[in-house]
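Reader: I would like a close look at one part of this protein. Please keep it brisk.

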Amino acid sequence: MIAAQTPRELIFSDVLSDIGPAALAVEGSLPGWLRGAFVRNGSARYGFGPIQFCHWFDGMAFLQRFEFGEGRLEYTGRFIRSKSYEAAVDGRAEYQSFATPAARSFGSWIAGVTSSNITDNTNVNVVRYGDASVALTEIGAPRCFDPQTLETGDLLKFNDDLGTGPTTAHPVRTGERWVNFSLKPGLRSKYFVWSLSGSGPRNVIARIPSKRPAYIHSMGASRRYAILIEYPYRFDPLAMILGGKPYIENFHWSGGETLIHLIDLTGSDAPVTCAAEPFFCFHHVNAFDDGDCVVVDLVGYDDASIVSDLYLDRVRERAPVAAGLSLRRYRVPCNGQDATRETLSDTRMELPRVDVRSERPRYVYAPRIGEVDAFTDGVLQIDTASASQRVWERQDESPGEAVFVPNPGGNGETDGVVLFVALNAKHKRSALVVLDADTFEERARAWAPAMLPLGFHGQFWRA
Ligand SMILES: [Fe+2]
């Protein structure tokens with residue numbers, strides 16, 4: 001464990017144990033309608049004696065829960081007791097993760113030699129599949145957990161033959177079902193785009209072959225189409241089998257065109273593929289149908305160098321270069337012509353969220369990426385209709401993902417609150433912050449009993 005001092009070092013420092021349950025005192029006022037739990041996931045520990053994970057995405061999964069009840073707010077944080085976690089605690093480097101080498105390679109997994117050494121560290125997101133609350137990552141099965149206590153449960157079995165990925169930890173909701181894909185890598189690699197109702201089995205909507213599959217972190221969906229984007233950041237399955245490198249080191253930026261696949265959600269029409277400029281993206285924001293086009297909003301980069309910039313030795317030291325980082329809108333013709341781009345905001349941001357009730361949400365919420373001292377230094381509310389934006393910022397505070405929670409009895413897209421956790425580097429404490437989405441002013445905060453990790457993604461689950 002490093003002795004963290006700078007804001008960047010604090011953000012990417014280790015949480016050493018579970019926290020709480022603990023009652024939190026609230027400064028300000030919470031809306032009476034805010035009842036439920038804000039559940040988050042993310043990396044929280046990178047060092048276990050001789051075991052040192054080298055990338056932000058490799059930290060051990062730490063679930064956090066802020067429960068809003070009648071006149072009370074309670075916090076719980078718990079590590080997921082995966083096999084990977086237990087091995088790290090025991091000082092064993094047995095499990096292959098995103099970027100940290102292990103005893104055996106990802107190639108052996110693709111070759112089917114040892115499927116049991118792939119990480120089960122589900123540290124990226126949480127979702128509810130039917131009655132199951134699960135933690136997700138990009139490779140491996142979802143991990144069930146108790147949504148009240150955060151205690152670790154079993155791996156979720158979908159009861160189908162689609163395998164465990166690579167996939168995304170960002171299933172996208174469309175109507176009553178979830179949509180995602182699973183890649184079956186090999187000499188004839190294919191993406192299997194699937195939909196899910198309840199907790200399984202998954203229903204295959206389309207099969208898309210790819211000689212050199214891409215690193216794909218999330219998908220989009222309009223009412224008519226699922227959107228799968230292959231960035232020119234691809235890997236050769238054979239080289240992965242033979243090379244013995246950590247997963248992400250197999251991907252290479254070619255600078256070639258990006259391919260955007262539109263997949264008819266009814267499964268009746270064949271997928272349409274459009275070309276676009278070379279770009280890279282972690283996170284889709286939203287997509288909607290617009291006449292003969294699908295409009296795809298996402299946070300894009302000019303290349304994939306952001307992945308390298310998130311190695312811990314770099315991200316603890318300096319701001320990512322993140323060339324071209326911007327909120328972008330791609331218009332994708334349904335007839336397969338080339339996609340075109342416009343920039344909605346060139347403010348540096350990541351981890352975007354919207355009001356998921358709306359087909360065309362007007363506002364995007366996202367932490368602002370800092371230029372100098374801190375990794376993040378504000379929360380943005382971007383008005384995509386007027387191209388204006390507002391920002392919450394507070395001295396010495398770095399926020400994580402900001403989640404909009406609508407007032408269930410309210411009117412309008414800003415009738416609600418925005419929830420996020422901010423780390424105060426000066427006081428070495430974290431707070432849950434509650435913004436009024438209409439004024440974008442802070443209306444409440446509650447200090448946690450410890451510094452909390454920035455984390456990745458979370459959801460508000462209404463009581
Ligand atoms: Fe993500």
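What is the strand order in the open sheet of four strands with strand 12 in it, and is the pairing parallel or antiparallel?

Author: First, a caution: this is a predicted model. The order in that open sheet of four strands is 12-13-14-15. The pairing is antiparallel. Strand 12 (172-174) and strand 15 (203-209) are the edge strands. Each of them pairs on one side only. From one strand to the next, the twist averages 30°.

Now look at strand 13 and strand 14. Strand 13 covers residues 177-184, and strand 14 covers residues 190-196. They run antiparallel, joined by seven bridges. Pick out Phe181: its bridge partner in strand 14 is Val193.

Stay with Val193, for it leads into the nonpolar core. The largest nonpolar core has 134 residues. Val193 is one of the five that touch the most other members. The others are Ala226, Ile227, Leu228 and Val418. Strand 32 (residues 416-424) gives the most to this core: seven residues. In general, nonpolar side chains tend to be buried together in soluble globular proteins.

Next, take Ala226. Set aside its neighbours within four places in sequence. Ala226 is then in contact with Val193 and Val179. Its other contacts are Ile205, Met219, Ala221, Ile263 and Leu265. So which strands of the sheet does Ala226 meet, given those contacts? Val179 falls within strand 13 (residues 177-184) and Val193 within strand 14 (residues 190-196). Ile205 falls within strand 15 (203-209).

Note on methods
Residues numbered from 1 in each chain as written. Predicted model: local features only at pLDDT ≥ 70, side-chain atom pairs only at ≥ 80, totals over all residues. Core = buried A, V, L, I, M, F, W, Y, C linked by C-beta atoms within 7 Å. Buried ≥ 20, exposed ≤ 12 C-beta atoms within 10 Å, placed from the backbone. Helix = DSSP H or I, 4+ residues; strand = E, 2+ residues; numbered from the N terminus. Contact = placed C-beta atoms within 7 Å. Pairing = 2+ DSSP bridges. Axes fitted to C-alpha atoms, helices over the stretch in contact; angles between N-to-C directions.
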